[in-house]
Amino acid sequence: MTNQLFINKKINTFDKKIVVSGDKSLSIRWVLLASQAIGKSRSYNLLMSEDVVAALEAIKKLGIKVIVRKDHCEIYGKGINNFKYKSGLVIDSKNSGTLGRLILGLLIKSPIKIKIIGDKSLSKRDFSRVTVPLEKFGARFFYKVKNKLPLSILGFQSLKGINYVENKGSAQCKSSIMLAALNSSGTTSIKAKKSRNHTELLFKYLKIPIKVRKTKKFDFIDIKKPKKINAFNYQIPGDISSSAFFIVLTTLANDSKLLIKNVNINPSRVGVITILKKMGARIILKNQKNYRGEKISDILIKSSKKLKAINCPIELNSSAIDEFLVIFLIAAKAKGISYFKDLSELNQKESPRLIWGSKILNKMGIKTDLTKDSIKIYGQPNLEIKKPIIIKNYLKDHRIFMMSTIAALTFGGKWKIHDKDSINTSFPSFLKIVKNINNKPL
Ligand code: S3P
């Protein structure tokens with residue numbers, strides 16, 4: 001089977017209903033927290049992608065029993081930090097920054113060194129955002145290259161809560177500290193720049209002592225060590241980040257309509273909807289519900305003929321951080337010059353996404369002004385691509401692959417997109433859903 005995708009025809013008009021797979025952030029958090037609970041936890045609709053399977057493999061290596069059944073997954077937790085392993089343990093985080101960073105918080109007490117490795121992309125990414133606060137707890141780290149994987153962690157036994165200011169807006173950093181706090185006496189206080197709050201909501205649901213005070217830019221979080229965590233079942237809702245590719249596909253397609261069922265619309269994740277609506281996209285939220293503190297909804301999208309440029313408010317950056325690549329495609333089609341700024345974090349992802357986003361737009365014939373933390377995109381409402389476009393050597397960043405596929409299906413051109421298997425990290429059924437919407441093989 002070839003690992004390249006060829007697209008030389010735009011998508012046909014469609015009117016469909018789809019479900020996307022489970023939310024990646026919630027799936028990984030369920031795995032890690034279920035490993036700390038006492039007894040059998042179950043999850044339904046757990047995302048079975050490489051990142052989440054890597055999380056399951058990681059807790060198995062730490063002595064936790066996991067059973068993957070046909071329609072659910074079971075984890076037999078043994079309580080907080082009740083891991084069993086021999087010396088020389090290596091945990092492979094593969095492509096997952098969330099797993100690599102969050103698990104270090106759980107390993108804050110490990111009496112022997114544990115090595116964390118990752119793939120080529122993850123090994124280029126910065127770990128200081130978690131090693132610095134975890135060192136404040138007393139953990140020690142050993143590296144070949146400072147603050148990069150592979151690294152080893154050696155925990156600390158008499159842990160006390162810390163005070164920490166998280167000012168990147170990194171939910172991975174915040175969550176890693178929160179997991180370390182489960183093992184620490186006293187109070188851990190975090191002043192955290194706004195970022196996704198799934199860990200806070202799960203802590204509340206699990207009755208872990210947590211207080212959150214919200215201000216406009218920061219959340220002030222206090223956590224105390226719980227006596228225990230009870231096993232819990234969880235139905236993982238659909239992933240808004242995966243949905244975003246289809247929201248954009250429908251917006252850019254001709255006279256089409258799509259209903260995406262049961263998606264997590266946590267307010268800290270829906271920047272993409274706010275931004276696209278400001279640009280003229282037609283998106284309606286239906287059947288809104290609450291589930292264990294998370295908001296869930298169906299999303300109805302209709303194609304848009306008139307899209308306009310945006311000067312994107314920086315307050316929306318964190319809640320759209322994984323969606324900017326596809327938002328850039330809307331900017332490519334919009335009337336006027338769009339401006340996205342204060343986005344240096346985008347270059348810290350699975351690939352340097354600000355640079356790659358600009359590169360792909362340029363290949364499409366769209367002019368951009370790129371700096372190290374901003375991009376201006378000169379939209380062309382009538383853009384029709386005719387030429388061949390090749391996308392390769394992008395560190396197998398799943399979101400680059402999916403962005404390119406959506407661009408190919410909506411702007412035309414003869415695309416050859418390498419590394420099809422990159423989608424397995426977050427959204428293995430992506431191409432099946434595309435085929436289903438298109439009614440024929442790609
Ligand atoms: C995630 C947090 C974000 C996001 C990533 C998932 C999480 O990263 O980009 O895809 O599940 O906590 P940062 O915390 O580094 O911003």
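A polar contact is taken here as a pair of N or O atoms within 3.5 Å. With that cut-off in hand, the ligand site of this predicted model can be read atom by atom. A polar side-chain atom of Arg 129 sits 3.4 Å from an oxygen atom of the ligand. Thr 98 also offers a polar side-chain atom, at 3.5 Å from a ligand oxygen atom. Ala 171 takes part through its backbone instead, with an N or O atom 2.9 Å from an oxygen atom of the ligand. On its own the ligand would expose 390 Å², and the protein buries 95% of that area.

The wider surroundings of the ligand comprise 13 residues, the closest being Ser 25, Arg 29, Gln 172, Asp 322 and Lys 349. Sorted by class, this shell holds six charged, five polar and two nonpolar residues. Three helices each supply at least two residues of the shell, namely H1 (24–34), H3 (97–106) and H5 (171–181).

A pair of helices elsewhere in the list of elements also merits a look. In general, two packed helices are described by the angle between their axes and by the distance between those axes. For helix H8 (residues 271–278) and helix H9 (residues 324–333), the angle is about 5° and the axes are 11 Å apart. Because angles under 35 degrees count as roughly parallel, H8 is roughly parallel to H9. On the H8 side the contact is made by Val 272, Ile 275 and Leu 276, and on the H9 side by Phe 324, Ile 327 and Ile 330. By class, the contact has six nonpolar residues, with no polar and no charged ones.

Two backbone details complete the description. Leu 149 and Pro 150 are joined by a cis peptide bond, with omega about -5°. Pro 150 belongs to the loop that runs between strand E8 (140–143) and strand E9 (151–154). The other detail concerns Asn 262, which has a positive phi of about 55° although it is not a glycine. Asn 262 is found within a strand, E15 (residues 257–264).

Conventions. Residues are numbered from 1 along each chain as its sequence is written. This is a predicted model: local features need pLDDT of at least 70, side-chain atom pairs count only at pLDDT 80 or more; totals for chains, interfaces and linings use all residues. Side-chain values use heavy atoms; hydrogens and water are left out. Axes are lines fitted to C-alpha atoms, for helices over the stretch in contact, and angles run from 0 to 180 degrees between N-to-C directions. Helices (H or I, at least four residues) and strands (E, at least two) are DSSP runs, numbered from the N terminus. Angles under 35 degrees count as roughly parallel, over 145 as roughly antiparallel, 65 to 115 as roughly perpendicular and the rest as oblique. Contact means heavy atoms within 4.5 Å. Ala, Val, Leu, Ile, Met, Phe, Trp, Tyr, Cys and Pro count as nonpolar, Asp, Glu, Lys and Arg as charged, and the others, Gly among them, as polar. A residue is near a molecule or strand if one of its heavy atoms lies within 4 Å of it. A polar contact is a pair of N or O atoms within 3.5 Å; within protein, one must be able to donate a hydrogen and the other to accept it, and residues adjacent in sequence count only if both atoms are side-chain atoms. Accessible areas come from the Shrake-Rupley method with a 1.4 Å probe; for residues, only the protein chains shown count as cover.
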